[in-house]
Amino acid sequence: MRRLTLLAVLVVAALGVSTMVPAQPKVAEVLIGSVLPLTGNFASLGQQYLWASQTVEDIVNNDYDIQVPLGPGKGFPGLGGAPIKFIVRDDQSRGEQARTIVEQLISVNKVHWINGEGTSGITSLIQPVVESAGLPLSCHPCASPTLTEKRLKWFFRTGPNDKTMVASVFSFLKEWPERGGPRDLKTIALFTCDNLFCQDNRKVATDLAPKAGFKIVLDLTTKTGATTLASEVQRLQAANADVLFAVQYPAETVVFENDSKRAGYMPKVIATSNGAYSDETWLQAQKKTNGAAGWLGRDPTAIDLVHDRPAWKKVNEVYKKYSRGQNMGELAMREITGLLWMADVINRAKSVDPAALQKAANDTNMSPEQLIIDYKGIKFENGQNVLATGVVTQVGWDGEKHTLWPWDLAARANFKPIFPSPSWQERDSKPKPGN
Amino acid sequence: MTELAQAVVNGLQMGFLYALVAVGLTIIWGLMEMINFAHGEFLMLGMFGAWWLSAGFHLDPLLAIVPIALAMYLFGMLVYQQLMRRVQGGDPFTQIFATIGLLFLLQNAVVAGFTSDYRFVNDTFLQKLGGVRLTLLGVTFAVPLLLAAGLALLLFLALYLLIERTEFGLALQATSEDRDAARLVGIRPQRMFAVAWGVGAALVAIAGAILVNFFSVYPQVGLQFTVLAYAIVALGGFGSILGTLLAALLVGVIQSVTVVYLPPAFKDAFVFASYLLIGLFRPQGLFGRF
């Protein structure tokens, strides 16, 4: 009988053990592989993304009274307080280098998530590597629609894509006459650089411009890294379009500005999509010349209104610790929003197992109150946040961006649009906010 | 017709800026036959120097030319003595890798020290003339670029006189042609090479101080000019100062005229196609001596 009892106890114990959930190995730290263009052509972008990741690492690992995901408390509560660690690698703005780095991050560093590369062109090159490895990959400031149209299982983007953002610009231009804007804007010239991001913008604009009632009179694609754009400006001047839709990076934008000034070229409206318009350094420099006054462009948030959010202010203070005092630009805001979402996903997954992370990412339903940016929330379809929004802003004579569209936000911003775009003489003669 | 004339004028104006960038390379590569892939980084250092003196001491880039040229002259000599002298006698590939290493060292040192931000020099003398234009027969001339062109011409003239009309220049040429023979007549080749590197670095840094009036300043800015500078020196003919000037003007005009009639993507393609074409008939370049 004693032997039978012992056997029964052993059987019950064995059954008990077999039905127990296997214990998760304790996670010492959550490793995020971050591949960024810290040197090379896109270094100024990479630098902002680096500061963004340092900001998020600080917020997650330390106890901040900020109403954003993982703001209060230290580390991930869902992982027993494990901290986050970004392993940052520079790809020198080169695609093949980025691929090699990503392979190393996955196989050598054993990261749990890849974030990067910050530019759409190079991100499209690393997507297949990460997809075949079965790890989550995110690029929040990447705006090329193609990145999420491939229906990849492991790619996520919280930011809006170019279809959303360029559509905002054309919606504004279309609706503007009904809201007291000019009625004589009929023609448009497209002036874009030659990489994936610029060309995606060009394609979207080519599609949307006629629908918004514009005739495309010139479509110029320029070489990235151009030392002169004088002849391009000559052609723009000859085409004499009412609206110039420009998608150029900061260095080329400066060349364009100088060549335009020398030629005395100024269209009635300059509309932009990202590039220099998103670059905080370029915007700050324009305050000394009035160079950007009247330029309008797309943004993912109402830049002038977002400052009122208490969470934005607090996050910005953390960001400034790393950015040598520079405020968050819209690119940094998009990146930080995305990285905080990633932290929330990891915390909800309570695991660094890729499948659990993927499920938690797909299950996301984040409300706008948790964000530092004006998205309507975060919710995914095929890796794209369908609640990301587009806003149209314009740089005023104060050198700051002001919201023009959507109309409800524009009413709150209460800004009178500058039209027509001021001549170079007027820019020179007006007081400059940066001086 | 006016459109073409305007494109030619635009091209000539840019050509003078290209000539400024290429002139330092004419000395180091064209005359002394040493390879320097860090040439663009010397330009970048000149631009950063001009930005720093402007932002920190409110010194106009045109005035900053003097201290920048002096500093870069010393830097060029230092690079020769500490790096290039050691690899000079070896395989040409050693020079290539040494200067590529120098390129990355300088570029990344500037990234580490100043970050990758774009920087802008504002309110300079040339920028204040930015909106001033002269119009002749319907063709517009930009005054700042005309002044820059004048400066470029002055520099070329000074360099031409230095190389062709002074004992120092003749010694430099003699060293370039036959180092041993030069040594026999009392010339110290190592000193000549060091001075050539100093002069080359100073010239391209002067170009940088002028370019900050027209371009933004960032650590990678040199690269886009380096490739053009190499094409210009090869097109003009190794060792020919006049050839470099004319080749730079030709490159500027080709770029400019191409874009008026064809998509901008062909801009540089036509520059290098013209180099290949000239190379078929005159491998030594337009005015090459060798």
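How many bridges join S1(A) to strand S2 (residues 84-90) of chain A, and in which sense do the two strands run? The count is 7, and the pair runs parallel. Before going further, it helps to keep in mind that this is a predicted model. For the complex, the predictor reports an ipTM of 0.76 and a pTM of 0.78.

Let's start with the sheet that these strands belong to. It is an open sheet of 5 strands in chain A, paired in parallel and ordered S2-S1-S3-S4-S5. At its edges stand S2 and strand S5 (155-156) of chain A, and each has a single partner strand, so one side of each is left without a neighbour in the sheet. Strand S1 covers residues 30-36 of chain A and is mostly covered, with 6 of its 7 residues buried. Looking across from S1(A) to S2(A), Leu31(A) sits opposite Lys85(A). To get from S1(A) to S2(A), the chain passes through H2(A), and this β-α-β crossover is right-handed.

S1(A) also pairs with strand S3 (residues 113-116) of chain A, again in the parallel sense, over 4 bridges. Two positions let you trace this pairing by eye. Ile32(A) faces Trp113(A) in S3(A), and further along, Val35(A) stands opposite Gly116(A).

Another parallel pair in chain A is made by strand S6 (residues 187-192) and S7(A), which are joined by 6 bridges. Here Thr192(A) lies opposite Thr221(A) in S7(A). The connection between S6(A) and S7(A) goes through helix H7 (residues 196-211) of chain A, and this β-α-β crossover is right-handed.

Next comes the way chain A is split up. Domain 1 takes in 30-160 + 306-385, while domain 2 takes in 163-299 + 396-429. Measuring between C-alpha centres, the two domains of chain A lie 29 Å apart. Where they touch, domain 1 of chain A puts in 16 residues and domain 2 of chain A puts in 16 residues. On the domain 1 side, helix H4 (120-133) and helix H13 (330-349) of chain A each supply at least two residues. H4(A) gives the most to that side, with 3 residues. Sorted by class, the domain 1 side has 4 nonpolar, 11 polar and 1 charged residues.

A couple of single residues are worth finding in the picture. Met328(A) is in the loop between helix H12 (310-322) and H13 of chain A. Is Met328(A) buried or exposed? Met328(A) counts as buried because 27 other C-beta atoms lie within 10 Å, and the cut-off for that label is 20 or more. Leaving out residues up to four places away in sequence, Met328(A) touches Asn316(A), Tyr319(A), Met333(A) and Ile336(A). Gly390(A) is 62 residues from Met328(A) in sequence, and their C-alpha atoms are 18 Å apart in space.

Ala349(A) is part of helix H13 of chain A. With 23 other C-beta atoms within 10 Å, Ala349(A) is buried. Again leaving out residues up to four places away in sequence, its contacts are Ala356(A), Leu357(A) and Ala360(A). Ala349(A) and Asp58(A) are 291 residues apart along the chain, and 21 Å separates their C-alpha atoms.

Finally, there is the meeting of the two chains. Which numbers of residues do chain A and chain B bring to their contact? Chain A brings 38 residues and chain B brings 37 residues. On the chain A side, the elements giving two or more residues are helix H2 (43-61), strand S7 (215-221), helix H8 (230-239), helix H9 (250-263), helix H10 (280-286) and helix H16 (424-429). H9(A) gives the most to this side, with 8 residues. The residues on the chain A side divide into 12 nonpolar, 18 polar and 8 charged.

As for the partner, chain B has an average pLDDT of 88, and 99% of the residues score at least 70. Among the elements of chain B, helix H2 (residues 39-57) has the highest mean pLDDT, 95, and strand S1 (residues 133-136) has the lowest, 82.

Conventions:
Residues numbered from 1 in each chain as written. Chains lettered and ligands numbered in written order. Predicted model: local features only at pLDDT ≥ 70, side-chain atom pairs only at ≥ 80, totals over all residues. Contact = placed C-beta atoms within 7 Å. Nonpolar A, V, L, I, M, F, W, Y, C, P; charged D, E, K, R; others polar. pLDDT = per-residue confidence, 0-100. Buried ≥ 20, exposed ≤ 12 C-beta atoms within 10 Å, placed from the backbone. Pairing = 2+ DSSP bridges. Right-handed = clockwise from strand over helix to strand, strands pointing away. Domains from an automatic or database assignment.
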